[in-house]
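Student: I would like to learn how to read a structure that I have not met before. Could we go through it together, feature by feature?

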Amino acid sequence: MKRATMAKYGIPAKAEALMAHFGRDAFRLSPEEWAFIRGKAFDRDYFFIANREDRQRQRGWCSHCRKWQMTVSYSPERLGHNDTVKCPECGAELTVKHAWRMSMYLEDEALVYLYRPSVLDPAIVTARAVDVCRPWGICIEPHKLQERVLFDSFYVFTPGEGGQMLRPVNSAKVFWATFWAGEVARKTDGRFGMVYELAARPAARDAHYTNTYMGMMRRIEISVAADSEGAFRAAEHSPLRYGMKEYSRYEKDHFLGYWHWAARYPSVEKLVKIGLGQLIANKMRGRREYGDAGNVINWRGKDLTAILRGRLTKADKVFLLEHGDLVSQEDVVWWQLYEGKRSMAEAVAIRDCNLAAWKRIHGYIDLDRARCYLEKQARKLPKGLWDNLGATLYADYLGECVKLGYDMTDKAVLFPKDFRKEHEHTMKLVKYQENRDIEDAYAKGRRPEMTRRYGYEAMGMAVIVPERLSDLIVEGERQHNCVGGYMDRVAKGQTDVVFIRRLAKPEESYITMEIHQGRIIQARTKNNGPLDKAGERFVEAFRMAKLEKKKARKTA
């Protein structure tokens, strides 16, 4: 196509190499393509009755075979507007439309994918997305209607490189840019002409178009059709033909995504032929339900062992050929994690929802040993907790052991006798390690100040200022309260928390007390219970001696 012609069609100069593959017929449809469009592109066909006389004669025009027909098997009364009849010539199911009752908005629209080999190299496959509209409502004589054709997008698929796409700017369709029966009839005004741009990667066009008409926007859902036979003919002399037959059962609309990926990676053909066509189809459609699977396939691999990152046994290959549709990316990950110890069929049967956790566990322990250990520990954990979080808790525990610098070859570390207890211990240590800087600041600044302010002893009891912020976590576990969540606020000086102990039992938790701006906010015993009489007397004495006395000095 000449540069001046390309500019006329709104095609940018950088797309010149792409459009060269279509030759002079880039904006023309062949008789075979017209036959496909008129025969298979549209979801509905009509039996148009021009006038009441034709209704009495049971005569009408079939939009499918495009001929005038006589429906001798129906009475005139049954040829009502929107009734259903069958064409005696082509056998198509038709909806009856009376021309004098027909809505001016009646129209059919289809997005059709048409394929051709490149005019420059038969190994390269091209495709066009063509929008075809039949505006029946504005045509007085339907049998004389000529379809409006808009050449929406252009695709080129080069083996070894991938695909390229030329699409309308902003992915919009402009109502005014129309082509009548393949011949150009467009306005030169830039507002109404189609302007194209190169896309980052080829993609199917949306079947919901935005039409612009008289300044108003409207959404139209249109049918989608692809000339599958034409696709096979276009790829007849291209390496892209390999695997198309096997993949065609998963692709009902087009081969665009498949061709793009197969052109970039020859591994696609091998995966389709081994039975993993459904896995490829899911990727082509952008499905992401296997978010934990990551990049499972080595697309640049030269053989199946490299592609799947593992060696398939004969039994695995037989299973994939027979049941490959059942295999997801997640199943392939399970098979990879077991490193040949489990078959592909066994991996499909596992389907544990905690794949991400098991991948983390696999970094330290053989999965079979881990499963055996966790099954034993399941009896020691609450039933509901283990069913949903067992593998996740164990993966968290192993990660904590790594952070703490434990020997990950030590069986006592990998398989503690009481997993729950050991996990709680490692959580505290990691929390303490992460808060070491905060602990240092607390020990040097906040704690001496709090000791001077709140230090008090009477009635066989004493106020104890926590030595470390982590003591709040221990206190919360002993007292069954939420004081462990106060660590950050205490470190920042937003509140103060102290413990009250009996001198006879200094290691035993008794009362937890919060003080803010010289006022006791709360003082609670175990399970957030109320104070006993001895505790009340001590707290009141503390308040009068340390808090009220301080206020009196300020007032004086």
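Student: How many Å² does the protein chain expose, and what share of that do carbon and sulfur atoms supply?

Tutor: Please keep in mind that this is a predicted model. The protein chain exposes about 29,300 Å², and carbon and sulfur atoms supply 50% of that area. For the inside, a residue counts as buried when its relative accessible area is under 20%, and 46% of the 556 residues of the protein chain are buried in that sense.

Student: How many helices and strands does the protein chain have?

Tutor: The secondary structure comes to 22 helices and 20 strands. Among the contacts with a separation of 6 or more, 61% are between residues 24 or more positions apart.

Student: In what order do the strands of the open five-stranded sheet lie?

Tutor: The order is β3-β2-β1-β5-β4, and the pairing is mixed. At the edges lie β3 (67–70) and β4 (84–86), each of which pairs on one side only. On average, neighbouring strands of this sheet are turned by 40° against each other, direction ignored.

Student: In which sense do β4 and β5 pair?

Tutor: β4 and β5 (residues 93–98) pair in the antiparallel sense, over three bridges. For Val85, the bridge partner in β5 is Leu94.

Student: Which residues make the nonpolar surface patch of about 410 Å²?

Tutor: That patch is made by Met104, Tyr105 and Ile138. Ile138 is found in the loop between β7 (125–134) and β8 (148–158).

Student: Why is Ile138 called exposed?

Tutor: Exposed means over 50% relative accessible area, and Ile138 is called exposed because its value is 57%.

Note on methods:
Residues are numbered from 1 along each chain as its sequence is written. This is a predicted model: local features need pLDDT of at least 70, side-chain atom pairs count only at pLDDT 80 or more; totals for chains, interfaces and linings use all residues. Side-chain values use heavy atoms; hydrogens and water are left out. Two strands pair if DSSP finds at least two bridges between them. Helices (H or I, at least four residues) and strands (E, at least two) are DSSP runs, numbered from the N terminus. Axes are lines fitted to C-alpha atoms, for helices over the stretch in contact, and angles run from 0 to 180 degrees between N-to-C directions. Patches are made of residues with over 30% relative accessible area and no salt bridge: like charges are joined within 9 Å, nonpolar side chains (Val, Leu, Ile, Met, Phe, Trp, Tyr) within 5 Å. Accessible areas come from the Shrake-Rupley method with a 1.4 Å probe; for residues, only the protein chains shown count as cover. A salt bridge is a side-chain nitrogen of Lys or Arg within 4 Å of a carboxyl oxygen of Asp or Glu. Buried means under 20% relative accessible area, exposed over 50%, partly exposed in between (1.4 Å probe, protein chains only). Contact means heavy atoms within 4.5 Å.
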